[in-house]
Amino acid sequence: MAPDSATTDLEQGVAFGRYLLGEPPSQDALRLFARAAATLPPLDQREARLVAFLLQNRWAIGPVDAALALMRPASPVRGRIFLMLAVLECLPEYVPRFLPATRSPFEHVRMAGHALRALGRALLGMVVLTIASRA
Amino acid sequence: MVGSGCTGAMAAATLIEGGGGARVLMLDAGERDDRYAGILPSGDFVSVRTTDREQYRYFLGEDFEGVPWGKVGTGAQLTPPRRHLVRKVPELLPLESDSFFPLESLAYGGLGAGWGLGCCAYSDAELRAAGLPPEAMRAAYQWVADRIGISGERDDAAQYTIAHLERVLPPIEMDANAAHLHASYLRRRRRVHAAGFRMGRTALALLTRAVGERGAYAYRDMDFYDDRGQSAYRPWMTVDELRKRENFLYRNNVLVTRFEEMPDAVRVHGIDTAAGEAVSHVCRRLVLAPGVLGSARIVVRSFDRKPELPILCNPYCYLACIQPALLGAPARGRRVGFSQLSLFHDPTGSNFDVAMASIYSYRSLMLFRIVREAPIALSDAYPIMRYLAPALTLVGIHHPDARGGRRSLRLEPCAASPTADVLRADFSLSEDAERKLRDRERRFTRVMRSLGAYRIRRVDPGHGSSIHYAGTLPFDSGDSGDKPFTLRPGGRLSGSARVYVADGSGFRYLPAKGVTLSLMANARLTALSALRDA
Ligand SMILES: Cc1cc2nc3c(=O)[nH]c(=O)nc-3n(C[C@H](O)[C@H](O)[C@H](O)COP(=O)(O)OP(=O)(O)OC[C@H]3O[C@@H](n4cnc5c(N)ncnc54)[C@H](O)[C@@H]3O)c2cc1C
């Protein structure tokens, strides 16, 4: 593997992990993500440009992910974020985020919040994705 | 014998135990899991999730082959430890189609190494339509049930599942998701019946009491990953037992390609899949059980004429439903990966032309598999899915299949294939059948809603995804007895004196109810008929 692609995989792991968790991912998560990403086919030019854009503009990962979910759900870029999610789900330190242990009355409200945020992100994302694709 | 799947195992056991000193050689592709069995933990799903730092190895796969990306297709539920079921299939069993996407296996135990254990006995009307003798099948069902162990309940659905079977073990305990739906059904039973539906416990080839070396189901919720304790019936267990007998010989790494019938014997040709060399064996009688597509290939290759063959396959789709009362419920309690409830649509009450839904709760297939289906940002999707998952009820609907529409299998030359051919498949339903199917799905949606389970999504993985196949060499009871590419009642290939087909190739009609118990019962009848002819 070329050293620059390994660096990019690691950078992607850091960026996508932080996006999914809201905090930096553990070393184990990064190590696993890098191993998993090495099994994926290389990105084509358009997707590689989009990843580079996201690494430089990390605030845009959420909106672009949301837009891709609607416009290009099979996008390999989204596939990489998804891969990080699968890796995180399989690490004991993140299990509570994936297996709810208690039922809280605030959950309904929190979920409504997520749904609203998802909508807002999708709208912003469509604009960002259009700009990023032209850049 | 060719094949160690559910049908091969039952036919071989019948031959070996039938007296008369039959000696059986089983030829089988026989792919095994040599990667995961040693690393799967003994703990239950939640304890594994919270403690095992290496869990990614079996949940995602050593090569991350268990992280799906792209369209949901046939066999999406195969986890890394079960993926050996389909190993070498694309190379050795090439199939081309843009309308039919079946799942075939070259594994030791075949598709049965990962089947969902759902058992249903066909009604007499269904058996007759399929070309199977009701009385003999009833005896064969009991023989199979005694052998594999079936748990179930004498409830509203029993007429479609365990029917006349005796010695049925008590059902497994339901998890919260199934129990909630079942309680709702019991409250609204009369209304549901009026709509032509019956719900009951799914009959499973799963032990709820220890029998011999097989243990009782331990509620580990690792059903999609391992066979620890052997409470779930897998055909390799039968073949393992047979291999202890002197008159039984098992040979793996053999892909049987064709046969040649001689006056007093049959020569079976194949490829050694490890060495890539041609092999051949001579036997007095040949019993084929490589699955209906496999039998079609072998039989067509064995004759000069290469006709189009028919195929039956249950149309299938699944509905993702939510039971709102369970939203956000703790996911740490007991969960079961197998189907716990079945819902049957039998509007005429005739136990014929019945549609069947197998109902599942969701946990051990992991959140990421359903998160990718959500059309929103992944960081919002996973907390939402975590919240939805305890309330998620999957309703897999199977429809009966009779001939109609355009469907065919053709074996065509292909130089790139190790067998020098490729199976080309076409499958579509008639407009009438499509319309009826949609109407039935609407009825399923409505009845689920009346039980408090609201459909949020319908997924159609395409024709072939039911993994229930039959009818490539249909039974023919005509007087001449030599109509090519059909089977005589009893499973002998028409026009042949020594070749039998023990899988579902002969069925002329495919009820929606899980086919495998009937496949195994028919395999026994075929083997008995081979013994009688010997
Ligand atoms: C995930 C899953 C869930 C399922 N759930 C259910 C369920 O709940 N209820 C139900 O009724 N059914 C279910 N099924 C379907 C069930 O598994 C099949 O109907 C059944 O296993 C078919 O058995 P078979 O013996 O006819 O063929 P197969 O299982 O396909 O066995 C074929 C055997 O022949 C061998 N073989 C194939 N070709 C060759 C060749 N050319 N040379 C040598 N050997 C060959 C293979 O190695 C294998 O041993 C499920 C299937 C899957 C995959």
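Mentor: Helices here are DSSP runs of H or I with at least four residues, strands are runs of E with at least two, and both are numbered from the N terminus. This is a predicted model: local features need pLDDT of at least 70, side-chain atom pairs need 80 or more, and totals for chains, interfaces and linings use all residues. Residues count from 1 along each chain as written, chains are lettered from A and ligands numbered from 1 in written order, and side-chain values use heavy atoms, without hydrogens or water.

Trainee: Which residues come nearest to the ligand?

Mentor: Near means a heavy atom within 4 Å. By that rule, 36 residues surround the ligand. The nearest are B:Thr7, B:Leu111, B:Gly116, B:Val256 and B:Thr516.

Trainee: How far is an oxygen atom of the ligand from an N or O atom in the side chain of B:Thr7?

Mentor: Polar contacts pair N or O atoms within 3.5 Å; within protein, one must be able to donate a hydrogen and the other to accept it, and sequence neighbours count only if both atoms are side-chain atoms. Backbone atoms serve at B:Leu111, 2.8 Å from a ligand oxygen, and at B:Gly116, 2.8 Å from a ligand nitrogen. B:Thr7 uses its side chain, and the distance to a ligand oxygen is 2.7 Å.

Trainee: What percentage of the ligand's accessible area does the protein cover?

Mentor: Areas come from the Shrake-Rupley method with a 1.4 Å probe; for residues, only the protein chains shown count as cover. On its own, the ligand has 1000 Å² of accessible area. The protein covers 93%.

Trainee: Which element gives the most residues to the shell around the ligand?

Mentor: α1 (6–17), β5 (254–261) and α14 (516–533) of chain B each supply at least two shell residues. By class, the shell has 18 nonpolar, 16 polar and 2 charged residues. Nonpolar means Ala, Val, Leu, Ile, Met, Phe, Trp, Tyr, Cys and Pro; charged means Asp, Glu, Lys and Arg; the others, Gly among them, are polar. The top contributor, with 3 residues, is β5(B).

Trainee: How much space lies in the largest cavity?

Mentor: On a 1 Å grid over protein atoms alone, a cavity is a set of points where a 1.4 Å probe fits but cannot get out; a pocket is an open set with protein on both sides within 12 Å along at least five of seven lines; lining residues have an atom within 4 Å of a point. Points join across faces, edges and corners, and a volume is the space filled by probe spheres set on them. The structure holds 2 cavities of 30 Å³ or more. The largest has about 110 Å³.

Trainee: Which of its lining residues are closest to its centre?

Mentor: The lining holds 10 nonpolar, no polar and 5 charged residues. Both chains appear among the closest of the 15: A:Phe98, A:Leu99, B:Arg363, B:Leu367 and B:Ala389.

Trainee: Which elements each supply at least two residues to the lining of the second largest cavity?

Mentor: That cavity has about 30 Å³ of space. Its lining includes B:Ala296, B:Arg297, B:Val300 and B:Leu409. By class it has 7 nonpolar, no polar and 2 charged residues. The suppliers, in chain B, are α10 (292–301) and β14 (407–413).

Trainee: How many residues of α10(B) are buried?

Mentor: Buried means under 20% relative accessible area, exposed over 50%, partly exposed in between (1.4 Å probe, protein chains only). B:Arg297 and B:Arg301 are among the buried residues of α10(B). The helix is largely enclosed by the rest of the structure, because the count is 10 of the 10.

Trainee: Which residues lining the second largest pocket are closest to its centre?

Mentor: This pocket holds about 840 Å³ of space. Its 26 lining residues comprise 16 nonpolar, 4 polar and 6 charged. Closest to the centre are B:Ala22, B:Arg23, B:Val24, B:Arg284 and B:Arg285.

Trainee: Is B:Asp221 buried or exposed?

Mentor: Most residues other than glycine have a negative phi. B:Asp221 has a positive phi, near 60 degrees. It sits in the loop between β3 (197–201) and α9 (235–242) of chain B. At 2% relative accessibility, B:Asp221 is buried.

Trainee: The side chain of B:Asp401 makes a polar contact with the side chain of which residue?

Mentor: B:Asp401 lies in the loop between β13 (392–398) and β14 of chain B, buried at 2% relative accessibility. Its side chain reaches the backbone nitrogen of B:Cys313 at 2.8 Å. The side-chain partner, at 2.8 Å, is B:Arg407.
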